[in-house]
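Dear colleague,

Please find below the structure that I am handing over to you, with its sequence. My findings come after it.

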Amino acid sequence: VGSGGRSIIAGCQLSCSFARAMLHELVGKLLAAVPRSPCYQHVDDLSHVITGNTATDTIVKTMKVATTVAQVIKAKGLKIANKIGGAEVLASSRALAAKLAAKLRRLGLPFRAAEEAEDLGIGSSAGQKRNKTTTNKRVKKTQARIKKVRQLRKTNGEAKKLVLTNVAPCQENGITIAGVDPATVRRMKQGALAALGGFGTA
């Protein structure tokens, strides 16, 4: 690959393999930089959780990682996506997240401090609070699927099976990791019931 532009191109069956190959060296170097905090890769997304005994310790480790990232992406001609939900920093406090983001930007890395973010579709808030935003979006998005299942059931009763294979996975994704409050659990149950033709919200 001579140069990198868009990491994933719709319809290209090799773009995922190319993205992994382009980031292979970087992931290896990040592991060497902070051995006890491995970097995880999912195609063209990287997730790196760094812990320290103090805020200063965390900053030092993060800057080791950031310096490595800056060097490799510059050498390879790569770019970090500068978009909302792209390069974000979550930390145990807002002040620490803001400080880290500022230091990363000085290295030319377009990171921004955030209170909540999604990691492979799972809502995270660095332990400050439960990230309800992602779960609420999923539950809301599921309403359209519930209506479609109800419509299909009018012509084929077997469509009720789609509750387990379509409705439930959509609204429940990530809740075993991030947790969910009782009120949202009730909304999920009501949605599933509505899809089955019971008394629900859809």
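The notes that follow cover an internal cavity, two helices and four individual residues.

Please bear in mind throughout that this is a predicted model.

**The cavity**

The search returned one cavity of 30 Å³ or more. The volume of the largest cavity is about 50 Å³. Its lining is made up of G121, I122, G123, N131, T134, T135, R138, N173, G174 and A178. Two elements, β6 (122-124) and α4 (132-153), each contribute two or more residues to this lining. The greatest contribution is that of α4, which supplies three residues. As regards chemical character, the lining of the largest cavity comprises seven polar residues, two nonpolar residues and one charged residue.

**Helix α3**

Helix α3 covers residues 94-106, which is 13 residues. At 1.5 Å a residue a span of 18 Å would be expected, and the C-alpha atoms at its ends are 19 Å apart, so the two figures agree.

Which residues of α3 are buried? They are L96, A97, L100, A101 and L104. Viewed down the helix axis, the buried residues of α3 fall within an arc of 130°, and they therefore line one face of the helix. That buried side packs against α2 (55-76), β3 (88-89) and β4 (112-113). The face turned away from it carries R94, A95 and R106, which are exposed. After α3 comes G108, a residue with a positive phi, near 90°.

Two of the individual residues that I examined have contacts with residues of this helix.

- A66 belongs to helix α2. Its relative accessible area is 3%, and because the cut-off for buried is under 20%, A66 counts as buried. Setting aside neighbours within four places in sequence, A66 is in contact with L104, L107 and L109; of these, L104 is itself among the buried residues of α3. From C-alpha to C-alpha, A66 and L30 are 9.0 Å apart in space, with a separation of 36 residues in sequence.
- A113 is found in strand β4. With a relative accessible area of 39%, A113 is partly exposed. Not counting residues up to four places away in sequence, A113 touches V89, A97, A98 and A101; among these, A97 and A101 are buried residues of α3. A113 and K99 are 14 residues apart in sequence, and their C-alpha atoms are 8.3 Å apart in space.

**Helix α7**

Helix α7 runs over residues 182-195 and has 14 residues. The distance from its first C-alpha to its last is 20 Å, close to the 20 Å expected at 1.5 Å a residue.

The buried residues of α7 include T184, M188, G191, A194 and A195. Seen along the axis of α7, the buried residues lie within an arc of 125°, so they line one face of the helix. Which elements are included in what covers the buried residues of α7? Among them are α4, α5 (162-172) and α6 (175-178). On the other side of α7, the residues P182, R186 and K189 are exposed.

Helix α4 thus appears twice in this account: in the lining of the largest cavity and in the cover over the buried residues of α7. One residue of α4 was examined individually, namely T142. Is T142 buried or exposed? Its relative accessibility is 0%, so T142 counts as buried. Leaving out residues up to four places away in sequence, T142 touches V167, C170 and Q171.

**A loop residue**

The last residue to report is S37, which is located in the loop between α1 (15-33) and β1 (39-42). Although S37 lies in a loop, S37 is buried, at a relative accessible area of 5%. Apart from residues up to four places away in sequence, S37 touches H48, V49, I50 and T51. S37 and K61 are separated by 24 residues in sequence and by 9.3 Å in space, C-alpha to C-alpha.

Yours sincerely

Methods. Residues are numbered from 1 along each chain as its sequence is written. This is a predicted model: local features need pLDDT of at least 70, side-chain atom pairs count only at pLDDT 80 or more; totals for chains, interfaces and linings use all residues. Side-chain values use heavy atoms; hydrogens and water are left out. On a 1 Å grid over the protein atoms alone, a cavity is a set of points where a 1.4 Å probe fits but cannot get out, and a pocket is an open set with protein on both sides within 12 Å along at least five of seven lines; lining residues have an atom within 4 Å of a point. Grid points are joined across faces, edges and corners, and a volume is the space filled by probe spheres set on the points. Helices (H or I, at least four residues) and strands (E, at least two) are DSSP runs, numbered from the N terminus. Ala, Val, Leu, Ile, Met, Phe, Trp, Tyr, Cys and Pro count as nonpolar, Asp, Glu, Lys and Arg as charged, and the others, Gly among them, as polar. The expected span of a helix is 1.5 Å times one less than its number of residues. Buried means under 20% relative accessible area, exposed over 50%, partly exposed in between (1.4 Å probe, protein chains only). The arc is that of the directions from the helix axis to the C-beta atoms. Contact means heavy atoms within 4.5 Å.
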